[in-house]
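Here are my notes on this one, written as numbered points. Have the structure open while you read.

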Amino acid sequence: MNPFMPRAQHRTALILFPAFDWCISPTHPEREERLLYTRDQLLEEGLEDIDNIVFFNPELASHADIDRVHLCAPSSRKLLTESHLISAGGTLRAARAVMDKEAEKAFAIVRPPGHHAMQTVFGDRGFCIVNIEAVMVEYIRRHYGVRKVAIVDTDCHHGDGTQDIYWNDPDTLFISLHQDGRTLFPGSGFLRESGGPSADGYTINLPLPPNTSEEGFDTVMERVVMPILDEFKPELIINSAGQDNHYSDPITNMNFTAQGYARLNQRLNPDICVLEGGYSIEGALPYTNLGIILAMAGMDYSHVREPDYDPARFRQPEDMNRYIDAICDKALEVFANRGRSKNEVLKKKVIREQKSIFYDTTGFHVDEGRQFHLCPECPGFTEVTATSPRARIHAFSVPFNACPDCQKSARKLFDAAKPASQTITALQDRVADIYETK
Amino acid sequence: MIIGIDVGGTHADGVLLDGATLVAKHKVAVDQAHLHESIIALLDTLVPDDRRLLERIHLSSTLCTNAIVTGSLDPVGMLIQAGPGINPDYLAACGQTWFFDGAIDHRGHVIRDPDDGLIDEAAAAMAKAGISSVGIVTKFSYRNNRHERYIADHLGSRFAHVSMGHRISGLPNFPRRVYSTWLNAALTPQFLRFKESIEQGLAHRGIDCPCHILKADGGTIPFSRASEFPCESVHSGPSASVMGCLALAGGPGDAILLDIGGTTTDISLFVDGGPLLEPYGINIAGRPTLIRALNTVSAGLGGDSTVAIEDGGFLIGPYRSGPPMCQGGAGPTPTDAMVVLGLLNIGSPDTAQAAMRILSPADPPEQTAKKLLDDFAARIGDAVTAMIDLVFSRPVYTVAALLHRRRITPERVIVIGGPAAALKSFLETRFGLPCIVPPDSEVANAIGAARTRLTVQATLYADSADGRVSIPEISCLMNISNSFGMEQAEAKLHEVICDIAMEMGMTDQPEIDFIERLEMNVVRGFSTSGKIINLKAQIRPGLAAVKGGSL
């Protein structure tokens with residue numbers, strides 16, 4: 001222990017990888033410069049010399065790590081650049097740091113982000129191609145046998161990709177706090193979106209009104225997130241730590257602060273944080289990232305304040321408080337009723353859902369149908385059919401917690417499926433860790 | 001001709017070199033309390049008859065290191081401005097400290113000026129406390145030194161020595177900058193006294209050649225500049241030894257350097273023929289600093305290390321509890337094993353054999369000794385591997401850098417120190433590499449001091465969106481046009497380093513390496529408003545060119 005440096009109470013690993021040589025396009029918000037000021041702030045603070053804070057370089061995720069989660073068309077090899085594999089690999093390094101007990105907690109400060117990437121992937125959506133949290137969670141399940149995981153998404157945009165991937169998994173509690181979808185991309189994340197037939201009540205959406213501030217987030221954390229987590233008892237808590245609820249973010253309308261993000265993380269006490277969005281790269285990110293790190297590490301964050309921080313600016317009107325309270329009540333009800341409908345839907349054996357997915361970066365729609373083959377023993381497997389203007393996916397996806405019968409049924413259907421032109425026919429079996437296409 | 005002097009804890013070694021040829025060497029006992037007298041006495045034995053032939057004196061001195069070890073540093077008043085970030089209270093650990101309320105952000109923008117009243121209060125309190133050395137550090141001063149200079153100007157000439165953070169190093173890391181600045185301020189008064197005594201001694205003997213001080217980064221600086229940055233003379237011993245080995249056994253490619261002593265083995269690495277540097281700086285007096293230094297790791301493995309049996313294997317080190325058994329010590333050591341195998345001819349061979357029997361009563365002593373030295377070499381090998389791993393895992397920030405990281409792959413092992421020759425074959429087996437034990441290695445440090453050339457490092461941060469460039473090492477903060485680009489930035493930094501080198505007495509055109517290069521568009525509102533350019537360049541540590549001859 002060095003008496004001349006502060007000490008982190010919790011040993012914390014940081015995977016800081018700003019990818020200074022990668023961008024979606026030079027003037028896109030997801031550009032080279034995005035984490036420059038964050039890196040500068042973190043290095044100037046001397047975090048590298050603080051006792052119990054350790055830095056690791058990311059590794060490259062393998063395509064098998066990606067295919068365990070996603071169904072890519074034409075393939076993960078064709079869609080992903082090395083930067084995507086490094087960003088996903090950053091989360092894998094964070095996971096290993098925690099699971100191998102190199103650290104108590106880890107924060108992957110990597111880019112590009114991932115929470116808009118759904119199970120099927122045809123291209124870039126909301127700056128994301130790979131859902132880096134999901135890749136990490138399935139990696140942890142595969143290699144460390146963890147079952148119950150909670151993902152709390154504090155990005156300002158609804159984490160629709162993560163919701164999609166874990167829609168029918170009662171072992172993954174997904175909670176998203178975000179700006180109301182009626183006012184922001186991707187336009188989803190309403191209370192009624194509460195999970196698939198086998199996992200109803202395990203997706204909790206908290207759509208917050210524009211200008212929600214420290215007070216509103218405090219209320220939601222205190223009234224909803226923490227009590228639900230206490231009841232769900234996850235083995236791991238993951239924070240999708242987007243930082244675009246910040247009052248200075250250029251593409252959102254919230255009123256959150258570095259102090260607020262730090263307090264949220266102190267309360268949530270996540271095992272692993274993964275950076276998502278956040279595009280106020282000078283006025284917010286250096287402070288919010290530092291605040292989150294200090295909170296994770298159990299250090300004093302009281303001096304982490306934006307240069308123009310003025311607490312008076314962050315008081316919420318009474319009617320907003322009442323509105324948020326009502327959302328909390330409804331969300332608690334969703335969770336309280338979890339799993340109640342399963343016996344009823346089991347009678348139907350197969351439930352079909354249809355949706356249209358918009359890829360905003362290049363502008364096209366995908367029509368997707370999912371048939372949930374239900375099972376009394378497990379969440380069941382899913383048959384996915386998705387069609388973009390250029391390609392089609394027909395896949396059978398077996399979750400990590402499926403029973404042997406469902407595993408066999410999916411294999412049988414896959415074997416019987418006829419390959420078609422322009423179509424990726426795939427079997428994704430997470431129990432056997434198999435990804436096969438024909 | 002050049003004189004190199006290396007002052008150690010008990011002795012000082014000196015050499016006189018003509019080009020690369022060793023003309024004379026001498027050793028004297030050192031009285032740390034009167035260091036300059038010992039140095040002058042040693043000089044008297046080395047100075048050539050014709051004093052005009054003496055070009056330079058290079059000195060690796062323990063003055064500053066001793067001042068730190070014995071705690072005889074001068075009191076410093078620290079004036080610190082942290083701004084938003086980690087609670088800075090912990091930085092008040094170096095004596096009297098005042099915190100100011102101004103702030104500069106990560107891009108070098110002034111957020112708020114410090115309050116004059118607070119500066120005046122601090123100045124009055126320091127004056128009252130009889131403080132004459134002041135250290136001033138603001139966060140992000142390497143991006144914008146305005147507040148450090150403002151505070152210094154405000155103090156005026158009331159204090160004898162003022163050290164400013166941005167002048168010490170252009171690297172980020174606020175706590176390291178604070179501790180480096182404190183150390184510099186705390187060393188300045190006694191360094192100036194030392195310089196004066198040495199200069200008087202030289203003048204008295206009619207020697208008027210320049211005198212250089214060895215730094216921890218394997219380079220030198222002239223006395224005149226060292227009096228502004230005395231912190232750079234700290235911890236120059238390892239650097240003398242590394243540079244000595246470079247002179248005695250250097251070559252292209254990567255290599256491992258082992259300095260095996262009685263208690264520890266110091267490990268250094270040569271990469272592409274040059275010594276490897278620490279990413280920031282060394283720890284001094286327990287504090288992390290920005291004092292540029294060679295990367296050395298000290299492993300608790302020496303000839304006199306304690307040896308015990310643990311889980312059926314040998315536990316070697318990390319401590320020394322006395323001399324080896326063959327020289328009257330209490331327990332077995334690796335040195336005893338070397339004596340048993342006839343690799344070292346010291347002390348009593350019988351007692352050395354007895355030492356091996358303590359470790360393994362049933363086996364022949366030769367067998368135990370061989371196994372012990374195999375293990376000793378293996379432990380050193382493990383320490384080297386760990387160090388190479390650590391270097392490989394230094395953070396990188398670009399996709400290209402991550403994908404093209406190169407692991408150090410040593411081709412040779414250079415070994416110096418007492419047991420070097422005795423361990424040669426064991427190390428060769430462990431590393432699977434040729435081992436070189438250079439001749440004259442007992443004066444390697446002094447030779448290193450003599451042959452070392454000056455080093456300079458400088459950094460540049462240009463922000464053309466803001467229209468400003470900062471070169472902290474020369475306190476430069478000036479306006480630039482929006483079109484300022486990489487080419488101009490490199491030319492500017494090149495010129496700055498050449499100027500510093502010339503000022504320091506370098507006569508030939510220096511070779512300058514750019515070791516960090518970052519160029520990034522600043523995009524605001526979907527259009528490019530300028531560029532941020534970050535450069536770091538150096539004259540790397542190396543040997544001064546010599547005319548003909550070799551050692």
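1. Start with a small detail in chain A: A:D433 sits in the loop between β15 (423–429) and β16 (434–437) of chain A. This is a predicted model, so take the backbone angles below as computed from the prediction. A:D433 isn't a glycine, yet its phi is positive, about 55 degrees. Most residues other than glycine have a negative phi, and most peptide bonds are trans. Is A:D433 buried or exposed, or does it fall in between? It counts as partly exposed, because it has 14 C-beta neighbours inside 10 Å, and the buried class begins at 20.

2. Chain B has a residue of this kind too. B:N173 has a positive phi near 110 degrees and is a residue other than glycine. You'll find B:N173 in the loop between α5 (165–168) and α6 of chain B. B:N173 counts as buried, because 24 C-beta neighbours lie inside 10 Å.

3. Two peptide bonds in chain A deserve a look. The bond from A:A73 to A:P74 is cis, with omega near 5 degrees, and A:P74 belongs to the loop between β3 (71–72) and α3 (76–79) of chain A. The bond from A:R111 to A:P112 is cis as well, with omega near 0 degrees. A:P112 is placed in the loop between β4 and β5 (120–121) of chain A.

4. Next, the contact between the chains. Chain A puts in 43 residues and chain B 40 residues. On the side of chain A that touches chain B, the elements giving two or more residues are β1 (7–17), α1 (36–44), α4 (82–99) and α9 (285–297) of chain A. Which of these gives the largest share? That is α1(A), with seven residues. Sorted by class, this side of chain A has 22 nonpolar, eight polar and 13 charged residues.

5. Stay with α1(A) for a moment. Why call it largely enclosed by the rest of the structure? Because eight of its nine residues are buried. The buried residues of α1(A) are A:L36, A:Y37, A:T38, A:R39, A:D40, A:Q41, A:L42 and A:E44. Their cover comes from both chains: it includes β1, β4 (105–110) and α9 of chain A, along with α6, β26 (513–524) and β27 (527–539) of chain B. After α1(A) comes A:G46, which has a positive phi near 80 degrees.

6. A:R96 is one to click on. It lies in helix α4 of chain A, an element that also gives residues to the side touching chain B. A:R96 counts as buried because 21 other C-beta atoms lie within 10 Å, and the class begins at 20. A:R96 and A:H143 are 47 residues apart in sequence, but their C-alpha atoms are 9.5 Å apart in space.

7. Chain A is assigned two stretches as domains: domain 1 (7–336) and domain 2 (342–437). Their C-alpha centres lie 27 Å apart. The contact between them takes 27 residues from domain 1 of chain A and 30 residues from domain 2 of chain A. On the domain 1 side, α2 (63–67) and α5 (132–144) of chain A are the elements that give two or more residues. The largest share there, three residues, comes from α5(A). By class, that side divides into ten nonpolar, seven polar and ten charged residues.

8. In chain B, look at how two helices pack. Helix α1 (residues 35–46) and helix α6 (residues 174–204) of chain B have axes that come within 10 Å and cross at roughly 30 degrees. That angle makes α1(B) roughly parallel to α6(B), because angles under 35 degrees count that way. The crossing of α1(B) past α6(B) is right-handed. Which residues meet here? From α1(B) they are B:L35, B:H36, B:I39 and B:I40, and from α6(B) they are B:F194, B:S197, B:I198 and B:G201. This contact has five nonpolar, three polar and no charged residues.

9. Last, the layout of chain B. Its domain assignment gives domain 1 (1–48), domain 2 (76–189), domain 3 (299–438) and domain 4 (455–539). The C-alpha centres of domain 1 and domain 2 of chain B are separated by 38 Å.

Key:
Residues numbered from 1 in each chain as written. Chains lettered and ligands numbered in written order. Predicted model: local features only at pLDDT ≥ 70, side-chain atom pairs only at ≥ 80, totals over all residues. Contact = placed C-beta atoms within 7 Å. Helix = DSSP H or I, 4+ residues; strand = E, 2+ residues; numbered from the N terminus. Nonpolar A, V, L, I, M, F, W, Y, C, P; charged D, E, K, R; others polar. Buried ≥ 20, exposed ≤ 12 C-beta atoms within 10 Å, placed from the backbone. Domains from an automatic or database assignment. Axes fitted to C-alpha atoms, helices over the stretch in contact; angles between N-to-C directions. Parallel < 35°, antiparallel > 145°, perpendicular 65-115°, else oblique. Left-handed = near helix turned anticlockwise from the far one by under 90°.
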